[in-house]
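Let's take a friendly walk through this model, from its sheets to its helix packing and on to the place where the chains meet.

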Amino acid sequence: MNVTIVDYQSGNISSVINSFTEVAKGKVYLEVTSDIKKIKSSDKIVLPGQGSFKSCVDSLNSISGLADTLKEFAITNKKPLLGICVGLQMFADIGYEEAETKGLGWISGKVSKIDNQKGKFKLPHIGWNEIEIKKESKIFKQIKNKSHMYFVHSYEFIPEDKSVISATTNYSSNIVCSVERDNLFGTQFHPEKSDKIGLKVIDNFLKL
Amino acid sequence: MLKNRIIPCLDVKNGRVVKGINFVELKDAGDPVEQAKIYSDGGADEICFLDITASNENRETIVDIVRKTAKECFVPLTVGGGVRTIQNITDLLLAGADKVSINTAAVKNVDFVKEASKKFGSQCIVVAIDAKQVSENKWEVFTHGGRNKTGIDAVDFAKKVEENGAGEILLTSMDKDGTKSGYDVDLLRTITNSTNIPVIASGGVGTLDHLYDGIVKGGASAVLAASIFHYGEYKIKDAKEYLNSKNVSVRL
């Protein structure tokens, strides 16, 4: 099996590479690239994302044909794709970080700043928080409800269709922290930094 | 509910841990990679390396240590000490660090914080503030391990780094550091009340109760400690169980 981690200059992806390499050991061939041909021929895609919504979308769009290739892969052909952090947020129609920016539009909804109740809650939401599993998910196999995952973000994805939500986490409000539709997966938390339990999420994705 | 983080800090000099853990199971007491792994397996919520290498020639060693550690520890890794340029940050992040902490360079030029957070995202920029009390309810920023006075008010500076994009503040009391008499809770409370970003408490931990004070009385989002863990007095697990028994939420 070939799995591609999309390298589109979206910030620091070393941790994603390290954790996938650890889980994939000898079982899966990992490629880190933005090469359209290689992406097209892979079996699964990981779309990381760090920094702002705008900077990630801009970087992705600066690589000619990348957005269309990803859409064809994940939406038209329904092949497995996992978006992590801003990688997930980009599934939305629109994001409001830095400036109003058009997202990939794969799952209707918006990405806006977490309401921290007038400073009552610190932002970014950094650290370990429990996930509340909302529906059976292929990437949460053998993962107990209320497991701890590592978060670091100030913006949240608010999908219109609530049935895509596979988990939420409670901070200043219930924040969507994982979505799933067909073979499209996204986590707001960082499985690559969430210790053994996070590696299990990665393992589940690789075993799909 | 967001859990309070326990962060063990390892001081690294020329590639070796200074004041290392004295566990019998350790093969090499000075190997930072092995020690980080013990902490990570023991339930540390994050690991911090502080590079105290004096010379620039040995800067490459910390990058190499980060590279090796990041392949074995899958919890967040923060690296500080001597981070002065965008290139330093790039090198550390590419090696596998998740966050870098900037100290002197931020004091010298706060625009560096802005530039770094714009380039890499606030999520990976921590500003380390070393503060010393100068009068009642007044603290000043110091650099070079507490030797150099800057004349900058710690509260003003904390607000300024927040405005410039810092994602977190690592706050060390220079009065308390190394004393084992507990955090400077007043300093912590003052800074946590005047900023809206998470604050990591540092400097002075001698007992598990001090961790409790940092979180509950000081309002810290995370507590950093070095010697109580290094010398094997307490394990990370002990700290978490203790805090949990006093109704402080931690990741168990």
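In what sense do strand 7 (residues 109-113) of chain A and strand 10 of chain A pair, and over how many bridges? They pair in the antiparallel sense, over five bridges; two strands count as paired if DSSP finds at least two bridges between them. Helices (H or I, at least four residues) and strands (E, at least two) are DSSP runs, numbered from the N terminus.

Before going further, note that this is a predicted model, in which local features need pLDDT of at least 70, side-chain atom pairs count only at pLDDT 80 or more, and totals for chains, interfaces and linings use all residues. Residues are numbered from 1 along each chain as its sequence is written, while chains are lettered from A and ligands numbered from 1 in the order in which they are written.

**The sheets of chain A**

Within the pairing just described, A:Val111 has A:Phe157 in strand 10 of chain A as its bridge partner. These strands belong to an open, mixed sheet of four strands in the order 6-5-7-10 in chain A. Strand 6 (101-102) and strand 10 (155-159) of chain A are at its edges with a single partner strand each, so one side of each is left without a neighbour in the sheet.

Chain A also has an open sheet of nine strands, ordered 2-1-3-4-13-12-11-8-9, again with mixed pairing. Its edge strands, strand 2 (29-33) and strand 9 (148-153) of chain A, each pair on one side only. On average, neighbouring strands of this sheet are turned by 25° against each other, direction ignored. Helix 4 (residues 66-76) of chain A packs on the sheet, where it touches strand 3 (44-47), strand 4 (81-84) and strand 13 (184-187) of chain A. The direction of helix 4 makes about 120° with that of strand 3 of chain A; angles run from 0 to 180 degrees between N-to-C directions, and axes are lines fitted to C-alpha atoms, for helices over the stretch in contact.

At one edge, strand 8 (residues 125-133) and strand 9 of chain A pair in the antiparallel sense over six bridges, with A:Gly127 standing opposite A:Phe151. Helix 6 of chain A lies across strand 1 (2-6), strand 4, strand 9 and strand 13 of chain A, at about 90° to strand 9.

**Helix pairs**

Two packed helices are described by the angle between their axes and the distance between the axes. Here is one pair from each chain.

| Helix pair | Angle | Axis distance |
|---|---|---|
| Helix 1 (residues 14-24) and helix 6 (residues 195-207) of chain A | about 65° | 10 Å |
| Helix 3 (residues 86-95) and helix 5 (residues 111-120) of chain B | roughly 35° | within 11 Å |

In chain A, the residues of helix 1 that meet helix 6 include A:Phe20 and A:Val23, and those on the helix 6 side include A:Leu199 and A:Ile202; residues are in contact if their C-beta atoms, placed from the backbone, lie within 7 Å. By class, this contact has six nonpolar, one polar and two charged residues. For these classes, Ala, Val, Leu, Ile, Met, Phe, Trp, Tyr, Cys and Pro count as nonpolar, Asp, Glu, Lys and Arg as charged, and the others, Gly among them, as polar.

In chain B, B:Ile86, B:Ile89 and B:Leu93 of helix 3 meet B:Glu115, B:Ala116, B:Lys119 and B:Phe120 of helix 5. That contact has five nonpolar, no polar and two charged residues.

**Inside chain B**

Chain B has 10 helices and 11 strands. Its radius of gyration, taken over C-alpha atoms, is 17 Å, close to the 18 Å that the globule rule gives for 252 residues, so chain B is as compact as a globular protein of that length; the rule is 2.2 Å times the number of residues to the power 0.38. Buried residues make up 53% of the chain, where buried means that 20 or more other C-beta atoms, placed from the backbone, lie within 10 Å of the residue's own.

Strand 3 of chain B has five of its five residues buried. B:Ile47, B:Phe49 and B:Asp51 point one way, and B:Cys48 and B:Leu50 the other. Strand 3 runs parallel to strand 1 of chain B, joined by four bridges, and B:Val12 stands opposite B:Asp51. Four bridges also join strand 3 to strand 4 (residues 77-80) of chain B, again in parallel, with B:Gly80 as the bridge partner of B:Leu50.

**Where the chains meet**

In all, 28 residues of chain B are in contact with 29 residues of chain A. Helix 3 of chain B gives the largest share of the chain B side, three residues. By class, that side has 14 nonpolar, seven polar and seven charged residues.

Notes: Contact = placed C-beta atoms within 7 Å. Buried ≥ 20, exposed ≤ 12 C-beta atoms within 10 Å, placed from the backbone.
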